[in-house]
Amino acid sequence: MEQQTLVVVGAVVIRDGRVLAAQRADPPTLRGRWEFPGGKVDPGESSADAVVRECEEELGVTVRALHRIGGDASFPAPGRSHTRPAVLRLWRVELLDGEPEALEHLSLRWLTADDLRTLAWLPADVPFLDQIAPLLAPGTATHP
Ligand SMILES: Nc1nc2c([nH]c(=O)n2[C@H]2C[C@H](O)[C@@H](COP(=O)(O)OP(=O)(O)OP(=O)(O)O)O2)c(=O)[nH]1
């Protein structure tokens with residue numbers, strides 16, 4: 001039987017020329033790697049709704065989904081979902097209320113264009129960096 005694709009959404013939050021990156025706490029194999037905050041789309045949920053929900057759960061903030069950035073990037077599905085195809089889908093979001101906090105991550109950083117390449121990203125995120133860099137201020141952040 002054909003398996004339904006697992007869609008993971010990531011939120012691209014940009015403020016003052018910097019994009020928010022989040023450092024994973026788990027699972028142990030991914031701990032310490034960087035990603036865009038987000039997670040799996042629930043059955044029957046739109047990816048836009050999922051990115052809003054995940055920002056509330058993981059960062060404690062209210063956002064509005066604006067538009068997608070790039071296409072779907074395939075990656076090996078996590079954990080017990082490994083027999084299903086999986087894709088990462090990024091949404092640019094607008095921060096409406098709250099200050100992002102690392103409620104489920106090890107840490108958060110606001111990155112300039114030059115900072116972007118210095119982190120150990122999850123592999124599926126790397127192809128998106130070329131599309132995100134032009135949206136950011138150049139230079140290295142003095143306040144990580
Ligand atoms: N959130 C997020 N996950 C990513 C990115 N890139 C990437 O490969 N992934 C992978 C890591 C995980 O294997 C999977 C997302 O799983 P997750 O554990 O964050 O999902 P979730 O928040 O729904 O968690 P859970 O309910 O299953 O515990 O997608 C990214 O930029 N953001």
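Which loop holds Pro 27? The legends below start with the whole chain and reach that loop along the way, and every view shows a predicted model.

**Figure 1. The whole chain, with three helices and seven strands.** Welcome to the overview, which sets the scene for the close-ups. Read from the N terminus, the elements follow the order β-β-β-β-α-β-β-β-α-α. The C-alpha atoms fill a box of roughly 50 × 30 × 25 Å along the principal axes. A compact globule of 144 residues would have a radius of gyration near 15 Å, and the chain, at 15 Å, agrees with that. Buried residues account for 26% of the 144 residues. Among contacts with a separation of 6 or more, 72% join residues 24 or more positions apart.

**Figure 2. The loop between β2 and β3, home of Pro 27.** Here is the answer to the opening question: Pro 27 sits in the loop between β2 and β3 (34-35). The peptide bond leading from Asp 26 to Pro 27 is cis, and its omega is near -5 degrees. Most peptide bonds are trans. The two strands on either side of this loop, β2 and β3, pair in the antiparallel sense over two bridges. In that pairing, Ala 22 stands opposite Glu 35 in β3.

**Figure 3. The hairpin of β1 and β2, with Asp 16 in its turn.** Two residues lie between the strands of this hairpin. β1 and β2 are antiparallel and share two bridges, and Ile 14 has Val 19 of β2 as its bridge partner. Is Asp 16, in the loop between these strands, buried or exposed? Asp 16 counts as exposed, because it has 9 C-beta neighbours inside 10 Å, and the cut-off for exposed is 12 or fewer. Its backbone deserves a look too: phi of Asp 16 is near 50 degrees, a positive value in a residue other than glycine. Most residues other than glycine have a negative phi.

**Figure 4. Strand β2 and its surroundings.** Five of the six residues of β2 are buried, so this strand is largely enclosed by the rest of the structure. Besides the pairings shown in the two previous views, β2 pairs with β7 (residues 107-111) in the antiparallel sense over five bridges. One position to look for is Gln 23, which stands opposite Ser 107 in β7.

**Figure 5. β6 with its neighbours β1 and β5.** This view brings together a parallel and an antiparallel pairing. β1 and β6 run parallel and are joined by eight bridges; Gly 10 has Leu 90 of β6 as its bridge partner. β5 (residues 62-76) and β6 run antiparallel, joined by 11 bridges. Within this pairing, Arg 68 is partnered with Trp 91 of β6.

**Figure 6. Asp 72 in strand β5.** Which residues does Asp 72 touch, leaving out those up to four places away in sequence? They are Val 87 and Arg 89. Asp 72 and Arg 89 are 17 residues apart in sequence, yet their C-alpha atoms are 5.0 Å apart in space. Asp 72 counts as partly exposed, because it has 17 C-beta neighbours inside 10 Å.

**Figure 7. The largest nonpolar core, made of 27 residues.** The residues with the most contacts inside this core are Ala 11, Val 12, Val 19, Val 51, Cys 55 and Val 93. The elements giving two or more residues to the core are β1 (6-15), β2 (18-23), α1 (47-59) and β6 (85-97). In soluble globular proteins, nonpolar side chains tend to be buried together. For a closer look at one member, centre on Val 12: leaving out residues up to four places away in sequence, Val 12 touches Val 19, Phe 36, Ile 69, Leu 90, Trp 91, Arg 92, Val 93 and Ile 132.

**Figure 8. The shell of 14 residues around the ligand.** The closest of these residues are Gly 10, Glu 35, Gly 38, Gly 39 and Pro 78. β1 and β4 (38-40) each supply at least two residues of the shell. Which element gives the largest share? That is β4, with three residues. By residue type, the shell around the ligand divides into eight nonpolar, three polar and three charged.

How values were computed. Residues numbered from 1 in each chain as written. Predicted model: local features only at pLDDT ≥ 70, side-chain atom pairs only at ≥ 80, totals over all residues. Core = buried A, V, L, I, M, F, W, Y, C linked by C-beta atoms within 7 Å. Buried ≥ 20, exposed ≤ 12 C-beta atoms within 10 Å, placed from the backbone. Helix = DSSP H or I, 4+ residues; strand = E, 2+ residues; numbered from the N terminus. Contact = placed C-beta atoms within 7 Å. Near = placed C-beta within 6 Å. Nonpolar A, V, L, I, M, F, W, Y, C, P; charged D, E, K, R; others polar. Pairing = 2+ DSSP bridges. Rg over C-alpha atoms; globule rule 2.2 N^0.38 Å.
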